[in-house]
Amino acid sequence: MDPDIIYKPIQKELNLVFEKIVNVSSKYDKDKKNQQVFEQLTHVLAVPGKRIRPSITLLVSNLWSESNIDKTILMATGVELLHIATLVHDDTVDHANLRRGHKTASSLWGRNAAVLIGDYIFATSAIFVCETNNVRLIKRFAETITELSRGELNEINDSWKTDISEDNYYKRIYDKTASLFCTATESGALLGNATEKHVNNLKKFGYFLGMAYQIIDDLLDYKYSTDDIGKPSTNDLREGIMTLPAIYAYNNGLKKEINEYMNSPQEKQISTLPKLVDKVRNSGGIEYSEKKSKDLIDSAKNILNNLPTSTYKNSLEIIVEYIGSRKK
């Protein structure tokens, strides 16, 4: 992904978004009583990300050159902060030590502090969205927080269970990931004064893109090493989580092996995990998941094909290509 091409049409607005994000922690900069809070927020908010979600909001809002820039910047800031908050909570639940090659909040300050750091960022994200004074956006944002939480709860409740259907998996990853992509695209369209038809189509675009993003993320867990993706690999099965490659493998010859692994003592799980991961890799689950993600990417492209030509649309097309081919 070439950031110069993608971000060029919205670079000024994107800089303002991240200026607002940095300011979330800087208010504690000279407060000795809250120095540790400053350090914690600074660490979490400074970890470099791909900036996909706020960029999508900004790009979509400009497709018809009628964007309310100030409100769109507020919304994009809220979207990115919400994403960061979910990562803090995800890493805490998953016992992850690394995120994008950096130590997680839970590994630095403990799980209790990490949960509260995530809560702080969650609440702050909502403040930015409320400042848009758009009731529809505020309602959608609240729904998104509910969906994200539901997705995480379902992942926890489904852990160490093997009878996970594809439909349940898709519902889970909509909640966990695609819901925020939908909010990023829908809010951008609304703030860009798009027609209701375009708003709905762009929400579908966010859905297809977000679903593909999570399926590919789950694929990366099997395809690459920790060094490649900047976070622990083979982590899903290690945590007892059935994602699409494992669900396919379970239904196509590996039912006995996966059941045995899930019901084994931890010591045995550690020793048998590498072989089981290799079997999942060779089951056809990787290829099956790649086909599903490609179909979703193609659906996202089809929606973009019906939008007016512009540099903003071009950037969205590059983002779609990037998500479809990403390796971390």
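**Helix packing, core and salt bridges**

Helix α16 (residues 285-305) and helix α17 (residues 311-325) have axes that come within 10 Å and cross at roughly 175 degrees, and the two are therefore roughly antiparallel to each other, a label used for angles over 145 degrees. This is a predicted model, in which local features need pLDDT of at least 70 and side-chain atom pairs count only at pLDDT 80 or more, while totals for chains, interfaces and linings use all residues. Residues are numbered from 1 along each chain, and side-chain values use heavy atoms, with hydrogens and water left out.

**Nonpolar core**

- The largest nonpolar core (buried nonpolar residues joined through side-chain atoms within 4.5 Å) has 92 residues, and I56, I121, F205, L209, L237 and I323 are those with the most contacts inside it.
- I56 touches F181, A184, T185, L209, L316 and I319, leaving aside residues up to four places away in sequence, where contact means heavy atoms within 4.5 Å.

**Salt bridges**

- The structure holds 17 salt bridges, each a side-chain nitrogen of Lys or Arg within 4 Å of a carboxyl oxygen of Asp or Glu.
- R99 pairs with D91, their closest N and O atoms being 2.8 Å apart; R99 is buried at 17% relative accessible area, as is D91 at 6%, since buried means under 20%, exposed over 50% and partly exposed in between (1.4 Å probe, protein chains only).
- R150 forms a salt bridge with D175, again with closest N and O atoms 2.8 Å apart; R150 is partly exposed at 41%, whereas D175 is buried at 3%.

Key. Axes are lines fitted to C-alpha atoms, for helices over the stretch in contact, and angles run from 0 to 180 degrees between N-to-C directions. Helices (H or I, at least four residues) and strands (E, at least two) are DSSP runs, numbered from the N terminus. Angles under 35 degrees count as roughly parallel, over 145 as roughly antiparallel, 65 to 115 as roughly perpendicular and the rest as oblique.
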